[in-house]
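Thank you all for making time this morning. I would like to walk you through one structure, so please have the sequence and the model open as I talk.

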Amino acid sequence: MNVPDDLLYTQSHEWIKREGENIRVGITDHAQAELTDVVFVELPKKDRQVNAKEAIAVVESVKAASDIYAPVKGTVVDANKALESNPALVNTDPFGEGWLYLLKIDNADDLKQLKDAATYRTQIG
Amino acid sequence: MSEAAQKKTPLYDEHVRRGAKMIPFGDWIMPVQYSGIVDEHHAVRKNIGMFDISHMGQLIVDGAAAAGWLNTMLTNNIEKLQVGQGQYTFLLNEAAGIIDDLIAYRIADHRFLLVVNASRAEEDFDWLDRHRPEDLRLGDRSAYFGGVAIQGPRVNELLIDLPTRNHIVDVELDGMSVSIARTGYTGEDGVEVFFGASDAAKFWNTVLEIGEKFGIKPCGLGARDTLRLEMCYPLNGSDLSPERNPIEAGLGFFVDLTKPKFTGRDVLLKVKENGAAQKLAAFRMEGKGPPPRPHYAVFNNGERIGEVMSGTLSPSLNYGIGMAYINAPQAKVGTKIDIEIRGKKFPAIIEKKPLYKKQS
């Protein structure tokens with residue numbers, strides 16, 4: 001499984017990429033493989049304020065709907081509209097074109113609670 | 001995943017070896033997918049797919065009075081079966097609630113094979129055993145047998161001399177004694193094959209090897225579910241339950257009310273006379289939206305009229321499909337309904353069964 005070194009991770013299989021005062025969030029390669037064929041993604045609305053670990057999006061495979069959680073407190077500034085017509089990007093390019101949303105973070109210190117790649121690798125075995 | 005002991009089919013090692021994704025399914029651990037649900041689904045619609053169905057129960061009823069007695073236990077008319085023929089039928093409780101749906105094969109004059117759902121096999125056995133006359137033998141051979149479903153339009157290239165639809169034959173294949181039944185749960189031509197558990201791995205691997213040139217793929221329960229739902233074949237535990245009867249489920253065709261006596265008959269006669277309160281209707285989503293799922297509420301003009309039992313994104317049709325129990329007055333083809341998904345209503349329409357029709 002691909003676990004890029006330059007990203008942060010959550011227990012619930014989201015990846016986080018720091019982009020200035022924003023973070024880009026998606027689900028990991030491991031998560032997309034577990035979910036199987038993604039057929040629908042419900043994205044968060046712009047300007048929505050969320051707390052850490054709040055359900056913010058839904059990724060649906062053929063078999064089931066799975067909640068996606070906000071890794072830290074913040075405000076949604078953008079979402080990946082490409083997923084509306086092509087949800088399978090989550091499977092084919094989970095760390096790239098398959099990103100889910102961009103979050104403006106309240107406090108950069110919150111990111112310290114997230115896992116680094118080595119820790120996440122241990123988690124998924 | 002619970003660490004409780006899980007039952008493994010005789011093909012478990014093959015699934016793991018070939019990289020299937022395994023999940024708990026009732027008491028069993030089963031492959032949910034190999035290459036992917038959508039990929040396997042298309043393999044069955046276009047070429048051939050093979051499924052492990054070894055978890056299904058296989059009961060044997062044996063004795064001079066077998067047919068007469070089974071006719072009082074099951075809804076379809078078993079006397080119509082000739083040796084080598086099978087039929088879809090129901091095992092009901094006294095309230096006409098569905099204990100199980102199954103296929104009964106007459107494998108000799110006075111000997112029947114009942115292929116039942118994995119999750120109900122024990123319950124079926126106990127129910128039948130409790131009602132069994134002493135001079136009839138009831139056996140459960142499930143633990144000693146395996147089975148696969150081989151499904152798809154090219155199955156007649158893979159296997160020659162197939163029995164006719166709903167018939168079962170015993171043959172020798174490469175030193176293995178197998179029973180081949182022309183039936184399935186996908187809407188495609190196909191067979192279900194039963195064999196001794198010790199032959200399971202050899203049979204599975206041989207078929208995959210020979211089937212390679214016909215595009216065969218090993219498949220999991222995920223594709224089995226999308227394929228059956230496109231055909232509106234019911235799944236026990238989802239669309240069928242002890243709280244529902246075959247008439248509500250739209251499966252009255254498999255109930256012979258002209259038989260003088262069978263469990264649940266009196267209740268079904270009343271249901272037939274008064275009409276069922278709800279019916280199992282097939283629907284499809286209109287426009288883009290999330291796929292329907294079990295237990296979503298169904299509305300019509302703002303009024304709650306039912307509940308989704310099965311739902312998915314149809315890989316063949318590429319829109320959301322499902323089946324729902326809907327109040328009888330609204331359960332009509334063409335009725336516009338709304339499916340409530342995470343607090344929002346999405347439009348859908350009741351369609352004729354099956355939802356998927358093969359292009360000829």
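Before I describe the sheet, let me fix one term: two strands count as paired if DSSP finds at least two bridges between them. Please also keep in mind that what you are looking at is a predicted model.

With that in hand, let us start in chain A, where three strands form an open sheet in the order 4-6-7, with antiparallel pairing. Strand 4 and strand 7, the latter covering residues 65–69 of chain A, are the edge strands, each of them pairing on one side only, and from one strand to the next the twist averages 25°. Strand 4 of chain A is joined by four bridges to strand 6, residues 55–61 of chain A, and these two run antiparallel; within strand 6 of chain A, Val58(A) is the residue that stands opposite Glu42(A).

Now to the place where the chains meet: nine residues of chain A are in contact with 11 residues of chain B. On the chain A side, strand 4, residues 38–42, gives the most, with three residues, and by class that side has four nonpolar, one polar and four charged residues.

Let me finish in chain B with helix 7, residues 221–230, which is largely enclosed by the rest of the structure, because eight of its 10 residues are buried. Among those buried residues are Arg224(B), Asp225(B) and Leu227(B), and the elements of chain B that cover the buried residues include helix 2 (37–46) and strand 16 (303–313). Just after helix 7 of chain B comes Cys232(B), which takes a positive phi of about 65°.

How values were computed
Residues numbered from 1 in each chain as written. Chains lettered and ligands numbered in written order. Predicted model: local features only at pLDDT ≥ 70, side-chain atom pairs only at ≥ 80, totals over all residues. Contact = placed C-beta atoms within 7 Å. Nonpolar A, V, L, I, M, F, W, Y, C, P; charged D, E, K, R; others polar. Axes fitted to C-alpha atoms, helices over the stretch in contact; angles between N-to-C directions. Buried ≥ 20, exposed ≤ 12 C-beta atoms within 10 Å, placed from the backbone.
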